[in-house]
Amino acid sequence: MNPLIPLFVIIPLAGAFLIMIIGRFIEEFNKYFTSLVLLLLTCISFYFLFTTGEKIFVYKVGGWEPINSLPIGIYMVMDGFSVIVVCIINLIGFLSAFYSISYIKRYTAGNYFYALFCLLIGGMNGVVLSGDLFNIFVFLEISVISSYALVAFGVESNELEASFKYQILGGLASFLILFGIGFIYWKTKTLNIADIKASFSSGYNKTTYLFIQILILSGFGLKAAIIPFHAWLPDAHSSAPSPISAMLSGVFIKAVGIYVIIRLFFNMFAISEGMAVLITALGTVSMVIGVFLAIGQWDIKRLLAYHSISQMGYVVMSVGIGMILVSRGTKPEIASLAIAGGLFHLVNHAAFKGLLFLNAGAIEYTIGTRNLKEMGGLAKSMPVTSATSFIASMSISGVPPFNGFFSKLIIIIAAVMAKFYLLAALAVIVSIITLASFLKFQRYAFFNRSNNSKNHNIREVPFPMVFSMVVLSIICVLLSLLVIPEIRDAILTPAINILTDPVKYSTSILVQ
Amino acid sequence: MKGMTLIVKKTTQLIAGMIFMYGIYVIVHGHLTPGGGFAGGVVIAGSLILITLSNGGDFMKLIKEESGTTIIESLATILVILVAVSGFIFGTKIFFNNFLPKGIVGHLVSAGVLPLYNIFVGTEVAASIFIIFLSLIIFKEESKE
Amino acid sequence: MIAYIMCFILFLVGLYGVITRRNLIKIAVSLSIMEISTFLFFTLIGYIDGGVAPIVDPTDPVKVYVDPLPQALVLTAIVIGLATTAMLMAVIIRLYRKYGTFDIREIKNLRG
């Protein structure tokens, strides 16, 4: 029982409500306090990243011990997979909060902003750490409701419309998930993920099982914006304030969407080949269609949002290939390679997409527009923004030696080795189109001659924004070190072992 | 916001206190009977909303009320977290641990920390529902001007 | 079994409303119908024939109780539903002030 695990939920929740009280009386309290809280959480999460390894920490909230080896309390589980996601949540959260110190001056009601920000972080940490289904739902709703409010934070017509659309589709997803959880409880009489796995392995009704899987997949697929369910994402992510866009696009869709899908389909359901093929197909479709939708965009944040869909498609496709191989039971080393590529790309995407949205926010902060056609010549006046966004653009389009290249390379190699040649070819083509799209972004924003006369007296953004962008770009370069086998064994391999081993997760939780 | 007629005001004055007391009863007996923090909090919020609707109040008063209620709500939430953390400090190093003596089943003062949670959750729910109501009303008043 | 099917039909009624209605308020109401059908489903799966409310009575200990866990879950889900509905209503009111209409066909700035 490691007492540090619940701190990931308790500290942000307490911080949110402290901000609501103390922030009323002390000016400036909210911004520095939020950054401090998130810095603390980042330190704790990195401590866990270096100590967890193959171990699985279980925290029984309230001290309820299992009776007859049946878990009865709420479990919080920290293993090799969740620790990676917790790390990126808190790190990107800290950098976004630090960035907001200068960015959020253009909005009033800073207290509400930072309180909602803390709730968003607390909810996502809860989703990732929770060991039973209903708490996943509760924390999901905490983070999702605060993200509804944050998307509508500008209270202009676009923001409100995006938030409305997001709320309707998000509400639909929530009830689908709740229905699925109800079905699972009806059939197994338990909510603990490990216990459900054990209960399903003793036999189940095929039709009901498939129905539950479809409900859960469509619910979390809506949250993760996989292609047939993607309609809300470009609006919501482009309307939110930029640090929030970085959080939503960089972390949120992974923590509440992709993470839960991967966790439930590997560790709770028995992997069936049909479901694995379906997930791979969804991933491929969103990879291809997302990038084609992104080409025609002239609004920077919409362009980035569509690229999020496409890059998430890479992750889902790669994990799906791993799933197919695991379900066939052949070539386990290629399966782990594919899953490694997916997880590596997930981490990388958090870094470079967060950085790109922060860049977009910096551009919007200085020249007040998001339209690419009205920009130009910013490279001279904003050197740091220009350089960091160049690094991020090259990362996302897979140019060596940045991190995106290595993860895409692993994904393509895994697809070729698993004899999915079409998927490998599609991944290469999508990567090239991504490169073209980001060259357009670079050219129009930074290198073109400015055709706007009021652009001549612009300066670099203030220090907190510069700091966040520089740190993220350094991370973008450093993450490519994960391709070295020793570092990969220390960080990615425990996560892959948890996912590919069908019984390790459930048995090691149930014996504790 | 304008209030309602004298008849409504008088009737509300008679009823609201009783509704409020009933809400407190539901909260305090939360660990013995159906109900508890959420149900009782909703009842209390109902009585507060009834009074505000019948008596009305000018714009500034509503804003003041809203900011006061926000502080109460946040305080109640922090108190819930504090009780959870005190389980860590006084009990067996576990959050949400029930560290107080359990007492006898069926008595009012029993079940350890559960009544405390019920009371704080009740305050929190009453305050937050009242805030939702107040902010919607304040928004309506703003758009009139 | 008929109760479960009715529950699912109620869910589909809500879904139909969300998809076909043009009025923002009606969409919100349809979403609430879906929500309530889910709650009904939860209470149904906790029901046991002849069971009583799950309150421990020290004087009469031997009884069949209905499953208390789904009831706790429904209570939590109701709180969440309350927050969602309040948030949705706040956004709808603000949308009405911006556009002067509840018709979703006239609220379409974001396309493409």
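How do the residues of the lining of the largest cavity divide into nonpolar, polar and charged? The legends below take up that question first and then turn to the interfaces and salt bridges of this predicted model.

**Figure 1. Lining of the largest cavity, drawn from chain A of the predicted model.** The residues of this lining divide into 10 nonpolar, one polar and no charged. Those that line the cavity are A:L217, A:I226, A:I258, A:I261, A:I262 and A:I279, together with A:V315, A:V316, A:V319, A:G320 and A:M323. Two helices of chain A, α10 (242–267) and α12 (300–328), each supply at least two residues of the lining, and the largest share, five residues, comes from α12(A). The space enclosed here is about 70 Å³, and the count for the model comes to six cavities of 30 Å³ or more.

**Figure 2. The interface of chain A and chain B.** In this view 18 residues of chain A are in contact with 15 residues of chain B. The area buried between the two chains is about 1400 Å², of which carbon and sulfur atoms give 79%. Across this interface there are zero salt bridges, and the count of residue pairs in polar contact, with both residues at pLDDT 80 or more, is likewise zero. On the side of chain A that touches chain B, α1 (7–25) and β1 (57–61) of chain A each supply at least two residues, with the largest share, 10 residues, coming from α1(A). By class, this side of chain A has 14 nonpolar, two polar and two charged residues.

**Figure 3. The interface of chain A and chain C.** Here 38 residues of chain A are in contact with 40 residues of chain C, and the area buried between these chains is about 3500 Å², with carbon and sulfur atoms giving 79% of that area. Three phenylalanines, A:F164, A:F175 and A:F179, supply 21% of the area that chain A buries against chain C, which is more than any other three residues.

**Figure 4. Polar and charged pairing between chain A and chain C, with the elements of chain A that take part in the interface.** One salt bridge is found across this interface; in the pairing of C:K98 with A:E156, the side chains meet at 3.8 Å, N to O. The interface also has three residue pairs in polar contact, counted where both residues are at pLDDT 80 or more. The elements that give two or more residues to the side of chain A that touches chain C are α5 (133–151), α6 (157–188), α9 (233–239) and α12 of chain A, and among these α6(A) gives the most, with 21 residues. By class, that side of chain A has 23 nonpolar, eight polar and seven charged residues.

**Figure 5. A salt bridge within chain A, between A:K504 and A:E54.** Side chains of opposite charge can pair when their charged atoms come close. In this pair the closest N and O atoms of A:K504 and A:E54 are 2.9 Å apart. The salt bridge links distant parts of the chain, since A:K504 lies in helix α20 (residues 504–510) of chain A and A:E54 in the loop between α2 (29–51) and β1 of chain A, 450 residues apart. A search of the whole structure finds 11 salt bridges over all chains.

Note on methods: Residues are numbered from 1 along each chain as its sequence is written. Chains are lettered from A and ligands numbered from 1 in the order in which they are written. Side-chain values use heavy atoms; hydrogens and water are left out. On a 1 Å grid over the protein atoms alone, a cavity is a set of points where a 1.4 Å probe fits but cannot get out, and a pocket is an open set with protein on both sides within 12 Å along at least five of seven lines; lining residues have an atom within 4 Å of a point. Grid points are joined across faces, edges and corners, and a volume is the space filled by probe spheres set on the points. Helices (H or I, at least four residues) and strands (E, at least two) are DSSP runs, numbered from the N terminus. Ala, Val, Leu, Ile, Met, Phe, Trp, Tyr, Cys and Pro count as nonpolar, Asp, Glu, Lys and Arg as charged, and the others, Gly among them, as polar. Contact means heavy atoms within 4.5 Å. Buried area is the accessible area (1.4 Å probe) that two parts lose on being put together, summed over both. A salt bridge is a side-chain nitrogen of Lys or Arg within 4 Å of a carboxyl oxygen of Asp or Glu. A polar contact is a pair of N or O atoms within 3.5 Å; within protein, one must be able to donate a hydrogen and the other to accept it, and residues adjacent in sequence count only if both atoms are side-chain atoms.
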